[in-house]
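User: I am new to this structure and would appreciate a close look at a single part of it. Please describe how one pair of helices packs together, and then place that pair within the chain.

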Amino acid sequence: MPAMLSAPQVAPVAGLVEGLSNGERAVALYASDMPTSYSYKRDDDVQLGAWIAEGALRVGLPELHRSAAFLYSFQALELAGTATRDQQRAHKARFPSAARLRRASSLASLTVGMFRVSDAAIERSNRPQVEGACRCAGTGWFEVCFDPDEPTSVALESCAAHNPNGHMPTPVRVFA
Ligand SMILES: [Zn+2]
């Protein structure tokens with residue numbers, strides 16, 4: 001059916017975009033040809049969707065999922081003020097332009113109103129994945145000393161990336 005060929009390629013793009021979380025859309029936009037100075041105009045939905053699809057195909061879905069998970073966890077650590085230098089270095093290497101990342105992130109949030117987010121994408125968006133050595137070493141907890149004169153007075157703090165809900169640590173010993 002030759003008539004099909006001239007139809008706008010909106011449907012396949014929408015399908016691809018809907019399969020991506022907010023964070024994955026941000027990473028895709030970051031990797032796309034979207035100009036960093038771009039600002040959204042009414043009816044630019046198809047253009048935004050096309051950039052997301054372009055970036056997603058350029059990066060590849062497995063890497064897109066990974067990068068978005070790294071970004072999500074890093075932002076949680078930064079917000080908590082507990083990101084290590086190693087993590088900051090890894091983030092900077094992955095997203096060298098902070099301005100472009102900000103732009104891509106705010107536009108990605110905008111697309112949630114244009115293209116629904118699939119259940120699988122929502123489920124994926126809560127998975128912590130940390131790039132770079134973590135203060136908690138993956139255990140979900142790390143020790144904080146509040147009194148420099150008393151280094152033995154430590155408290156446990158939950159890791160914003162590995163333990164965002166602050167679940168109690170699994171007891172390893174039972175005290176009588
Ligand atoms: Zn951690």
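Analyst: In this predicted model, the axes of α3 and α5 cross at roughly 110 degrees and come within 8 Å of each other. Since angles of 65 to 115 degrees count as roughly perpendicular, α3 is therefore roughly perpendicular to α5. On the α3 side, the contact is made by Gly 23, Glu 24, Val 27 and Ala 28. On the α5 side, Leu 64, His 65, Ser 67, Ala 68, Leu 71 and Tyr 72 take part. Sorted by class, this contact of α3 with α5 has 6 nonpolar, 3 polar and 1 charged residues.

Two of the α3 residues in this contact, Val 27 and Ala 28, also belong to the largest nonpolar core, which has 38 residues. Val 27 and Ala 28 are among the core residues that touch the most other members, together with Leu 29, Tyr 30, Ile 52, Ala 56 and Ala 104. At least two core residues come from each of α2 (10-18), α3 (22-31), α4 (45-59), α5 (61-80) and α7 (98-111). The helix that gives the most to this core is α5, with 8 residues. In soluble globular proteins, nonpolar side chains tend to be buried together.

Ala 56 shows how these parts meet. Residues up to four places away in sequence aside, Ala 56 touches Leu 16, Leu 20, Ala 28, Leu 61 and Leu 64. Of these, Ala 28 and Leu 64 are also part of the contact between α3 and α5.

The loop between α4 and α5 holds Gly 60. Because only 11 other C-beta atoms lie within 10 Å, and 12 or fewer count as exposed, Gly 60 is exposed. Gly 60 is 32 residues from Ala 28 in sequence, yet their C-alpha atoms are 9.3 Å apart.

A contrast is offered by Gln 87, in helix α6 (residues 85-94). Gln 87 is buried, because it has 22 other C-beta atoms within 10 Å, where 20 or more are required. Beyond its neighbours within four places in sequence, Gln 87 is in contact with Phe 74, Leu 77, Val 130, Glu 131, Gly 132 and Cys 134. The C-alpha atoms of Gln 87 and Ser 73 are separated by 10.0 Å, with their positions 14 residues apart along the chain.

As for the wider setting, the chain has 8 helices and 2 strands, and its elements run α-α-α-α-α-α-α-α-β-β from the N terminus. Of its 176 residues, 32% are buried. Among contacts with a separation of 6 or more, 74% join residues 24 or more positions apart.

Conventions: Residues numbered from 1 in each chain as written. Predicted model: local features only at pLDDT ≥ 70, side-chain atom pairs only at ≥ 80, totals over all residues. Core = buried A, V, L, I, M, F, W, Y, C linked by C-beta atoms within 7 Å. Helix = DSSP H or I, 4+ residues; strand = E, 2+ residues; numbered from the N terminus. Contact = placed C-beta atoms within 7 Å. Axes fitted to C-alpha atoms, helices over the stretch in contact; angles between N-to-C directions. Parallel < 35°, antiparallel > 145°, perpendicular 65-115°, else oblique. Nonpolar A, V, L, I, M, F, W, Y, C, P; charged D, E, K, R; others polar.
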